[in-house]
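Work through these short exercises on charged side chains. Keep the model open as you go.

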Amino acid sequence: MAEGSKEQGGLSGADLEEDSPNMIVYRKIEDIVTRIQDEKAGGVSIRTVKSFLSKIPSVVSGKGDIVQWLIKNLNIEDPAEAIHLGSLIAAHGYIFPISDHVLTLKDDGTLYRFQSPYFWPSNCWEPENTDYAIYLCKRTMQNKARLELADYEAENLARLQRAFARKWEFIFMQAEAQVKIDRKKDKAERKILDSQERAFWDVHRPVPGCVNTTEMDIRKCRREKNPHRVKKSVYGVPDDGQSQPSPVLKISFLNIQLDRHCMKVSKVADSLMCYTEQFMEYDPFVSALEPSNPWVSDDVTFWDAEASKDPNQQRVKKWGFSLDEALKDPAGRDMFLKFLESEFSSENLRFWLAVQDLKQRPLQEVSSRAQEIWQEFLAEGAPSSINLDSHSYERTSQNLKDPGRYSYEDAQEHIFKLMKSDSYARFLRSNIYQDLLLARKKVSRTLQSLSLSAFWLFQGKSLTGKRLTGLMQSS
Amino acid sequence: MCDQTFMAATFGPCESCGKPSPLMNIYIKNEAINYCSFCVELMACQGLQSGESVASLKRECESLKKKLEEERGKLNDVELHQVADKIEVLGALAIKTRRVLKGHGNKVLCMDWCKDKRRLVSSSQDGKVIVWDGFTLSKENGISVPCTWVMACAYAPTGCAVACGGLDNKCSKAVAMHTNYVSGCTFTNSDNQILTSSGDGSCALWDVESGQLLQSFHGHTADVLSLDLAPSETGNTFVSGGCDKKANVWDMRSGQNIQSFESHVSDINCVKYYPSGDAFASASDDATCRFYDLRADREVAVYQKDSVIFGASTVDFSLSGRLLFAGYNDYTINVWDVLKGTRSSILFGHENRVSRVRVSPDGTALCSASWDHTLRIWA
């Protein structure tokens, strides 16, 4: 069983358990923006910037402040990563550029403001179109250049006016009331609040072409709306108690786990490293491909070579890594089969292949195919009789009383082990394999043939190439 | 019709009713009893063996869990990245976008490669499933599925068929039927069987031709979001991950849950086997990816960074298992050095969440599907 979790960014396990996936991210972002604004704890200084005839309250700079803070406090090496993260924090509405609807972080002198916690996405806002209509309406009532509607907003307003034609008087009144309240506020405060409200709507009604970050993965939606809902049982058992399997079954499971023999991490680590290092020369992302990676060079030579009948040395080498690798490659499988045929011991591999095939058949063919396999390999006087120990034989014939896809599992495992320890090892030492591996050409076989020629002369047989090849394959 | 699923290590006469059937090996107060599943249910419902109560069973459960943690803890003699110190650091990876596949009208939710290494199938929120030749960018086929959010699609091994499923709870021409959305599907080694995972908390194995349920897998206590078949020629197992934060390994023959891993702090969105089949990786909403070894029965690596705060939705290994590609909800793909535990590279390019990444069958390219309506091929 795996060990418990590690702490994530200071949040406790209990908090996370209750939270839906979106909330988890919101909490992390909120932690970040809170820290950025905390001047005393190494945060940035939020200040008022003078501009022409007015002052811009409560801002920070993107490049200088936010990006630098992220790089320093989140151990980021690449500024591009910091900008990307900053852009995402903006896209979710936690910071925003003071004079742009598009919520992104730029690596220049643009000024940004922090969103008020009131408007944070973690409050689960799902603003209606009537709210949006009131907001847009309100903007048109105030004669300020900074509140002018952008083109897409004007279009939205027009569409909403048509949709809410009957309600429009009500919407207008709400907008008027809000304008009245706003007028009473301090000028600087209004600037800030207006911008924050605008940023809020930029999240929920984004500029056309921008990502709507409030969209959710539909698979997780159910929990957002109904956090306490327990999933219905497939068997129709009442909800309570369905969320946990019975203690009896759990105990059973735990006992099986306790009995399991496990390996030390040091051992498995070595094994993993060994496997990976062995295959790294075949990994196109790590080692260069000969002649080139088709996707990079648009040249399909590599694929043509792989598909050809003659496997290259590198591929042949793989067959030596394990019996599994040899069987995975159709060319390797064929070669192994050929080798076994030359030894007149191919029935094991043919049995193994037949059982693999059985497992892949449509359900209705399984029974008859299983019987055929029995007749061919296991029945008394079978043409391709395989050697099973009596225990496996008994089990298998029992299984065949009710034939299924897995009737031959035991037998197949047994035969696989046999092949691995016996014929596979000999295959790797065989000339048929070694020739391919070392890319020996047929011409050079004459050297070997000379050493055997004496033997053949004694036997009175002729020195034809074919005969010699036949002899060498079985040596 | 559903198979009952439980641990059946032996077959024989039940010690209670005497009928020959698959037996559950239960321990009550350290005494082994072998009952058939029916009798176990009876026992559980009608009250428990002498002196037992649900509370005492729960206590036993807790003490066994503790004991298991202790035992496993003894095997944790070193960290994977420490052992990996002796291997060479990887050189800088020059991975770039080589193709951009445009054509979907909405979020692309899933994709799968064909065995021919260049064709692929993708499915989208708008119900469209498209088959592409990734190399030439041409669309070879387009199907409209009568449901939205087609979250799962798979290419058949022969390349002659495609399976897909989603909100309609079905997989393909109603081969698989679940009581909730289909989150993942894959063909087993032939065109004739499909393995599916579902929001109803179960996984299931189906015979394509007859639509019959061959085996069901129960054990998750929430939506199952992903599954992956073990890569071995001789294996009959698969791993699944779900909203209950657990990753479970299953025996396809018996439906039994063989191993279980729980170290993530939030939903597991994706699971994928390491190429040798001895380990697997998972991606989670807790912004980490983790690596679990089956032989050590524990987590052996966590891939995380302070600057990575968005959930990981998908993972896949490079051919040798040295690299782990992970797609995130922050629109990026992080490339992790599996053995050393460090991040090798970060791939920018997508303009919305990355929903799926898959390495091509010969390892030459990585395909990513995104909510930005496109797929990208990287090499």
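Helices here are DSSP runs of at least four residues, numbered from the N terminus. The model is predicted.

**Exercise 1.** Place A:Lys144 in chain A and state its surroundings.

*Solution.* Step one: find the element. A:Lys144 sits in the loop between helix 5 (129-141) and helix 6 (151-163) of chain A. Step two: check exposure. Its relative accessible area is 34%. Partly exposed lies between 20% and 50%, so A:Lys144 is partly exposed. Step three: look around. A:Lys144 joins A:Lys180, A:Arg183, A:Lys184 and A:Lys187 in a surface patch of positive charge.

**Exercise 2.** Trace the salt-bridge network that includes A:Asp357.

*Solution.* Step one: take A:Asp357 and A:Arg361. Their closest N and O atoms are 2.9 Å apart, in a salt bridge. Step two: move to A:Arg369 and A:Glu372, which pair at 2.8 Å, N to O. Both lie in helix 18 (residues 363-378) of chain A, three residues apart, about one turn of the helix. Step three: compare cover. A:Arg369 is buried at 17%, while A:Glu372 is partly exposed at 45%.

**Exercise 3.** Which parts of chain B does the pair B:Arg322 and B:Asp337 link?

*Solution.* Step one: confirm the pair. B:Arg322 and B:Asp337 form a salt bridge, with closest N and O atoms 2.8 Å apart. Step two: locate both ends. B:Arg322 is in the loop between strand 25 (312-317) and strand 26 (323-328), and B:Asp337 is in strand 27 (residues 333-337). The two are 15 residues apart. Step three: check cover. Both B:Arg322 and B:Asp337 are buried.

Back to Exercise 2 for the full network: shared partners join A:Asp357, A:Arg361, A:Glu365, A:Arg369 and A:Glu372.

Methods: Residues numbered from 1 in each chain as written. Chains lettered and ligands numbered in written order. Predicted model: local features only at pLDDT ≥ 70, side-chain atom pairs only at ≥ 80, totals over all residues. Heavy atoms only, no water. Patch = residues over 30% accessible without salt bridge, like charges linked within 9 Å, V, L, I, M, F, W, Y side chains within 5 Å. Areas by Shrake-Rupley, 256 points an atom, 1.4 Å probe, with all protein chains shown as cover. Salt bridge = Lys/Arg side-chain N within 4 Å of Asp/Glu carboxyl O. Lys, Arg positive; Asp, Glu negative; His and termini not counted. Charge placed at Lys NZ, Arg CZ, Asp CG, Glu CD. Buried < 20%, exposed > 50% of the residue type's maximum accessible area, 1.4 Å probe, protein only.
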